[in-house]
Amino acid sequence: MSRALRLEKSRWREWVAALQKASTVIAPVRLHGDDVAFERITSPDQITLDFDNPQDSPKRFLFPQVEPMLRYHRNGGYDVEPLYDEEKRVLFAIRCCDVSAVRFFDLALGVPDLPDSYYATRRAHTAFIALGCNAPCRECFCVCANTGPFLPSGGGFDVQLTDLGDYFLVEVDTSKGEELIGAAPDLFTSASKDDLAERAALDKAAEQRFPRDPRLYFSASSRKVSVDSVEEDLWRRMAEWCVACGGCTNICPTCYCFNVTDAQANGVGVRSRRWDSCQYPGLTREASGHNPRPEQLHRLKRRMFHKISYQYGARDGMQGCVGCGRCVRVCPGIRLGIPEVGEAIRRAEWK
Amino acid sequence: MEVMERRPNIYLPQIARITGVRDETPDTKTFVFRFRDDETHAAFTWRPGQFVELSVFGLGEAPFGFASSPTRKGSFEITIRAVGALTRALHAMGPGDEVGIRGPLGNSFPYDEVQRRNILFIAGGIGLPPLRSLIQNMFDERDKFGDITILYGARTPTDLVYKSELKEWEQRSDIKFMVTVDRSEPGWQGNVGMVPTLFPKAGVKPDGTVAYMCGPPVMIRFVIQDLVSMGFADEDIISTLERHMKCGVGKCNHCCIGHKYVCRDGPVFSYKQMKGLLE
């Protein structure tokens, strides 16, 4: 399936404009205060390609924070009607870690015997144009999650762009990707062997530029979390830094816990799901008041177990942390990002 | 990735009507349901141990185990104690009222694989309804099983569910059935004491016996200890685990124990499986 093309850098906006004819394009936009976020764009001029990974992952475009699932009417009895979002979308310039998170969602929510209809519908109507990373972002550690800085064929992207100076190397990996190229085929020319070699060299160079050696983060800590050999006291001391805000899970591109609620007025109601968090006591509290995870330490332990245990790796087919580093940035206790907690577990030390 | 199939929608409830309500105890009722759509109703079946997500529209969904056997078609029954907003609203509903039903969900009690073996049921309080589904099923295929013993305990005689059906069970000569209560009440002439006090009276023995139990967590814990010390194999001790199941299909993460989902990998687990759960 895979083939490689070139796109002159001066012309990528023309491509985006062509994509807009058939799809909503969602891309990184610089907002007030200099934050970059994924937004629906109306013009390619809004897009910035000069960005660290946005604070918010594009998760919400596939799995919204509040998502209507069905509507019901009371009309004597009840009639129930599912609500599907079939908007055709292109996610433009998303990072390899976030593409990998979509692959994780496919495995977790899309499992073939029980697919999540709402996610599957959105997913089927969304295409991904990845932008590989020539240099690591400040907090990320994709090399240890094996999700970047660039993705191999089959990594989940439809098209992957690599910045090679005056032009992009454009790898097309799926039939959806071919459709995206087909929106403006004249903009693309064939890539050369040298382009691919340059890409490989960039990949190596980027790996060398991570601030610390991040490969340390997972191997030992995954093993300890998987066999439950982390001292309870270590969990407790780490959890003292947690204010249970749920920021790490909201911001995480692979977190998908949700709650379901009904809202109704005048015989018409909507059932919605909304993001929930393993960091909230309410996730596991039962009607009787009993809570199997009564303390924050149990909830911190839970988060790490779902992210890096072998058991979940085997169940989901992929590790639950893609190394984007957002939890490092968002934690108001500063210290409970996955790498910090992983490192503390590895060293059995928390100062 | 291949485009995933959208349908069937695993979150979409079917409309069912309440066709009957029976009072069991002051806070517990048994509801009889029938799907509004005849075709849906005819196609619907389940296995004992499975559950449904029941919608009270406007309040949401909650999980409940089947209380009746799939061998008794025509309707299905669920026994519900009023403890929260949804169950209280349900208790205010009656024949003709409509609810949403999603299911059957979850795994089920071992059935085919225990044929010809001796069966022991241990139920505490509101734990009897899910076992009743299996008990009725075994009664309807009685010749497939060895000895059947049913031990049932409740806090008080008032708290016993299925009172008239229990009388029928007492009359049966092809099973052993005993009841006990934690606290007696005027007029009660039966056993008093926790469920395990029935074990010697009933002659509970491990030989070839599979034990199914359902009840409050504290009862389960003690009963498991007793059975293990009597020599029951870990894989022959079967129970259901209770967690806050929200979606019922292994997606929402409310009911996880370790990497297992009570709603999807359970709710039925053997003691052997329970011991392997990390949490």
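**Entry 1: domains of chain A**

I looked up how chain A is divided, and I found domain 1 (3-211) and domain 2 (216-347). I note here that this is a predicted model. I then took the centres of the two domains of chain A over C-alpha atoms and read a separation of 25 Å.

**Entry 2: where the domains meet**

I looked up the contact between them: domain 1 of chain A puts in 34 residues, and domain 2 of chain A puts in 29 residues. Which elements of chain A each supply at least two residues of the domain 1 side? I listed β4 (66-75), α2 (96-109) and α4 (142-145) of chain A. Of the elements on this side, α2(A) gives the most, with 10 residues. I also sorted the residues on the side of domain 1 that touches domain 2 in chain A, and I got 19 nonpolar, 7 polar and 8 charged.

**Entry 3: where the chains meet**

I turned to the contact between chain A and chain B. It takes 40 residues from chain A and 35 residues from chain B. On the side of chain A that touches chain B, I found two or more residues from each of β4, β5 (77-82), α2, α3 (117-124), β11 (258-265) and α11 (310-316) of chain A. Which element gives the most to this side of chain A? I read β11(A), with 6 residues. By class, I have 20 nonpolar, 12 polar and 8 charged residues on the side of chain A that touches chain B.

**Entry 4: elements met twice**

I went back over both lists for chain A. β4 and α2 of chain A are named for the side of domain 1 that touches domain 2, and β4 and α2 of chain A are also named for the side that touches chain B.

Technical notes: Residues numbered from 1 in each chain as written. Chains lettered and ligands numbered in written order. Predicted model: local features only at pLDDT ≥ 70, side-chain atom pairs only at ≥ 80, totals over all residues. Domains from an automatic or database assignment. Contact = placed C-beta atoms within 7 Å. Helix = DSSP H or I, 4+ residues; strand = E, 2+ residues; numbered from the N terminus. Nonpolar A, V, L, I, M, F, W, Y, C, P; charged D, E, K, R; others polar.
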